Every structure is written in structure tokens, then in C-alpha cells.
Amino acid sequence: MTTKEHYDNHLGYFYSWMTGDFNVKSTEFKKFLSDNSIAARSTGIAIDLGAGHGLQSIPLAELGFRVIAVDFNQQLLDELKINAKNLDITLVHDDIKKVRNFATKPELIVCCGDTLSHLSSKEEVKTLVEHIAESLNSNGKFILSFRDYSTALTGASRFIPVKSDENRILTCILDYENEFVTVTDLLHEKEDGAWIQKVSSYQKVRLLTDEVIEYLGANGLSIEINEVNNRMTTIIAIKV
């Protein structure tokens with residue numbers, strides 16, 4: 001199953017529930033932006049690649065950016081539209097690989113939440129970074145986050161309890177290969193008093209932080225911030 005099919009047929013239906021309280025998460029990202037002096041200074045345009053239901057787009061717009069929110073899942077974009085209210089956010093239902101088509105000289109491009117790993121190969125990741133660098137305005141910035149899959153989980157550690165409540169239990173199962181990680185989202189959902197199992201799998205690119213940093217440097221993007229928290233790498237890079 002492709003990543004888009006996985007979202008359209010499975011994950012998109014409970015993604016918002018899985019990610020947790022929207023206000024808390026969006027406020028955390030807004031603080032991250034403020035702490036790192038991210039503000040609209042030139043063109044005022046920010047592109048949010050893999051925008052989902054708006055955890056990055058909303059804070060960006062609240063800080064004064066004109067946001068172009070791109071995602072391949074219409075359901076999540078519909079949720080983003082509701083969350084956006086009257087903020088300056090343009091929704092684009094499309095493939096993030098077309099980044100060069102979405103705006104002229106954005107000063108900020110954001111790609112968070114492990115979206116990079118949703119591409120089909122490391123070569124596609126490499127090409128996307130190249131196109132992002134081409135698209136950015138002079139001194140523009142690229143904020144990205146992704147899960148570092150350098151250390152393979154084995155045995156029982158491959159089974160990750162993600163979230164649960166009285167009606168849902170979500171477990172993520174990871175299977176590692178050389179270039180990819182197969183992700184199985186195992187959802188148990190209570191329907192009419194009975195637990196129903198729903199399962200879907202897709203592949204992620206097995207990204208390594210050092211490789212991504214290499215892609216950035218090769219395209220004239222200088223690292224300003226490189227942080228790792230719970231195996232999630234967050235980078236801010238500037239076009240030099």
C-alpha cells in the first residue's frame with residue numbers, strides 16, 4: 001500500500017486523535033518558532049509541506065506569515081480549513097514534491113512530523129531538498145523534522161504503544177530493512193460494544209540524520225539548529 005493510500009484509507013481517519021491536543025501541540029510549535037526568532041521579514045510567504053490538520057500552519061499564520069499548506073490527504077486539509085478560521089492560509093491538495101510550483105520565493109519552508117520519510121526513496125528526499133533550496137528566497141529558512149531510523153528496533157521493542165483511550169488502542173509495529181522501514185498501524189476500535197481490529201501497513205524511507213545534513217549542505221543550506229529529542233531530529237537551515 002502506498003503512503004497516500006494508507007492515509008486515505010486508514011490513518012487519516014484517526015490522525016488528529018493520534019497526535020493529541022491540537023492547541024497544546026500548535027502552541028508548542030509557536031513557541032519553537034518564537035524561541036528561534038522565526039518571523040515574517042521579507043516575502044512573508046511560508047510553505048508547509050505535509051501540513052496535515054494544521055499543527056504548523058496555524059502558528060505560522062498567527063505569526064504573520066501567508067501560509068501555503070500542502071498535503072495529499074483531503075480529509076486532513078478539511079480539518080485544517082476548520083482550524084484555520086479566518087487566518088491567511090491557502091490549502092493545496094497536492095504532492096509535496098511539486099514544491100517549486102506552490103509559491104514564488106517563499107522565505108520559509110516547513111516540513112515536519114516525519115513527512116520527509118513518506119517519500120518513495122532517499123533519492124526523492126535528496127531531490128526534494130534540492131528543489132526546496134532552489135525555491136527559497138535569499139536567506140530563506142527550511143525547518144524540518146524527521147525520525148532518525150539509524151538504530152533498528154528488534155524483538156518486542158518493535159511494538160510501540162502510541163495512544164489509547166476507552167474506545168481506541170493504537171499500536172505501531174516497525175520492521176527494518178536496509179533502506180526502508182515498514183510501518184504497521186494496528187488500531188483496535190470499539191464499535192457497538194465490540195473491539196474491531198483495523199490494520200494497514202506502508203513503507204517509510206529509513207532516514208539518517210547525517211545523510212539529511214549532507215543533502216542540505218550540498219544545496220547551500222547551512223545548519224543553524226540541529227536537535228534530537230526522542231529519536232526525532234529537528235533542523236533549521238538557512239539558504240546562504
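Here are five short exercises on the structure above, each with a worked solution.

The model is predicted, so local features need pLDDT of at least 70 and side-chain atom pairs count only at pLDDT 80 or more, while totals for chains, interfaces and linings use all residues. Residues are numbered from 1 along each chain as its sequence is written, and side-chain values use heavy atoms, leaving out hydrogens and water.

**Exercise 1. Find the largest nonpolar core and the elements that build it.**

Step 1. Start with the terms. A nonpolar core is a set of buried Ala, Val, Leu, Ile, Met, Phe, Trp, Tyr and Cys residues joined through side-chain atoms within 4.5 Å. Buried means under 20% relative accessible area, exposed means over 50%, and partly exposed is in between, with a 1.4 Å probe and protein chains only. Helices (H or I, at least four residues) and strands (E, at least two) are DSSP runs numbered from the N terminus.

Step 2. The largest core has 31 residues, and Ile 47, Leu 49, Phe 142 and Leu 216 have the most contacts inside it.

Step 3. At least two residues each come from strands E1 (45-49), E2 (66-71), E4 (108-111), E5 (141-147) and E11 (232-239), and from helices H6 (122-135) and H7 (209-218). H6 gives the largest share, five residues.

Step 4. Apart from this core lies another one of 23 residues, including Ala 51, Leu 60, Leu 77 and Val 110.

**Exercise 2. Work out how H7 is oriented, using its buried and exposed residues.**

Step 1. List the buried residues of H7: Thr 209, Val 212, Tyr 215 and Leu 216.

Step 2. Look down the axis of H7. These buried residues fall within an arc of 120° (taken from the directions from the helix axis to the C-beta atoms), so they line one face of the helix.

Step 3. A general rule helps here: an α-helix has 3.6 residues a turn, so residues three or four places apart point the same way.

Step 4. Turn to the face away from the buried side, where Asp 210, Glu 214 and Ala 218 are exposed.

Step 5. Ask what the buried residues pack against: H6, E5, strand E10 (221-229) and E11. For Leu 216, contacts (heavy atoms within 4.5 Å) beyond four places in sequence are made with Val 129, Phe 142, Leu 144, Leu 221, Ile 223, Ile 235 and Ala 237.

Step 6. Just past the end of H7, Gly 220 has a positive phi of about 75°.

**Exercise 3. Repeat the analysis for helix H5 (residues 74-84).**

Step 1. Its buried residues are Leu 76, Leu 77, Leu 80 and Ala 84. Down the axis of H5 they fall within an arc of 100°, so they line one face of the helix.

Step 2. On the other side of H5, Lys 81 and Ile 82 are exposed.

Step 3. The buried residues of H5 pack against helices H1 (3-9), H2 (15-19) and H4 (57-62), as well as E2 and strand E3 (89-93).

Step 4. Check the ends. Asn 73 caps the N-terminal end, with a side-chain oxygen 3.3 Å from the backbone nitrogen of Gln 75. Just after H5, Lys 85 takes a positive phi of about 55°.

**Exercise 4. Describe the surroundings of Lys 239, a residue of strand E11.**

Step 1. Lys 239 is buried yet has no salt bridge (a side-chain nitrogen of Lys or Arg within 4 Å of a carboxyl oxygen of Asp or Glu).

Step 2. The nearest side chain of opposite charge, Glu 134, is 8.4 Å away. In this count Lys and Arg are positive and Asp and Glu negative, with His and the chain ends not counted.

Step 3. A polar atom of the Lys 239 side chain lies 2.8 Å from the backbone oxygen of Leu 136.

**Exercise 5. Trace the salt bridges of Lys 122 and Glu 189.**

Step 1. The structure has 14 salt bridges.

Step 2. Lys 122 pairs with Glu 179, the closest N and O atoms being 3.7 Å apart. Lys 122 lies in helix H6 and Glu 179 in the loop between strands E7 (168-176) and E8 (180-191), so the pair ties together parts that are 57 residues apart in sequence.

Step 3. Compare exposure: Lys 122 is buried at 13% relative accessibility, whereas Glu 179 is partly exposed at 39%.

Step 4. Glu 189 forms a salt bridge with Arg 168, with closest N and O atoms 2.7 Å apart, and another with Lys 198, also at 2.7 Å.

Step 5. Shared partners join Arg 168, Glu 189, Glu 191 and Lys 198 into one network.

How values were computed. Polar contact = N/O pair within 3.5 Å; in protein donor to acceptor, adjacent residues only side chain to side chain.
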